[in-house]
Amino acid sequence: MSAVQVIMSLGLIYCAIDWPGKIYVVTIVIGMGYGTHCAIAPASVSDIFGLKSFGSLYNFHIIALPIGAFVFSGVIASNIYDYYARKQAGPTIETESLMCTGRRSFTSDFTECPRLEFC
């Protein structure tokens, strides 16, 4: 699991570098890392804690995936997108029609953290 975490960390570091085509490489590396982690984690949990409470521990492992996806993509990334969409729209904004165009709103999710409430 440590080797998988190191590979995933290198994929995230590569994501922070502004090279063309990085999204393809990062998607493959991080996707393979998560797949490997999800395959190894149940075996590791059963080896460390035994089979007596395996069902409960496995459920905690499984529930972490959608909670993490909601927090990072549903809350953090959407707030960053809305921040840059409001910035591009200027002083007259309608909240239903916010649209961010260009590269800035999407690369900021990976490379920097604008001054928002959660940073």
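How far apart should the ends of helix H2 lie, given its 28 residues at 1.5 Å a residue? Good morning. I shall answer that with the predicted model now on the screen. Helix H2 covers residues 22–49, and its expected span is 40 Å. In the model, the C-alpha atoms at its two ends are 39 Å apart, which agrees with that expectation.

Allow me to place this helix in its context. The protein has four helices and zero strands, so that its pattern along the sequence reads α-α-α-α. Of its 119 residues, 19% are buried. Among contacts between residues at least 6 apart in sequence, 50% join residues at least 24 apart. The accessible surface comes to about 8600 Å², with 67% of it belonging to carbon and sulfur atoms.

Returning to H2, there is a kink of about 30° at Ile40, shortly before Pro42. That proline is itself buried, and the buried residues of H2 also include Val26, Ile30, Gly33, His37, Ala41 and Val45. As a general point, residues three or four places apart in an α-helix point the same way, because there are 3.6 residues a turn. Just after H2, Gly50 adopts a positive phi of about 85°.

Finally, I turn to Gln5, which belongs to helix H1, residues 2–16. Is this residue buried or exposed? Gln5 is partly exposed, because its relative accessible area is 35%. The side chain of Gln5 makes a polar contact with the side chain of His37, at 3.4 Å. Gln5 and Gly33 are 28 residues apart along the chain, and their C-alpha atoms are separated by 7.3 Å. Thank you for your attention.

Technical notes
Residues are numbered from 1 along each chain as its sequence is written. This is a predicted model: local features need pLDDT of at least 70, side-chain atom pairs count only at pLDDT 80 or more; totals for chains, interfaces and linings use all residues. Side-chain values use heavy atoms; hydrogens and water are left out. The expected span of a helix is 1.5 Å times one less than its number of residues. The bend at a residue is the angle between axes fitted to the seven residues ending there and the seven starting there. Buried means under 20% relative accessible area, exposed over 50%, partly exposed in between (1.4 Å probe, protein chains only). A polar contact is a pair of N or O atoms within 3.5 Å; within protein, one must be able to donate a hydrogen and the other to accept it, and residues adjacent in sequence count only if both atoms are side-chain atoms. Contact means heavy atoms within 4.5 Å. Accessible areas come from the Shrake-Rupley method with a 1.4 Å probe; for residues, only the protein chains shown count as cover.
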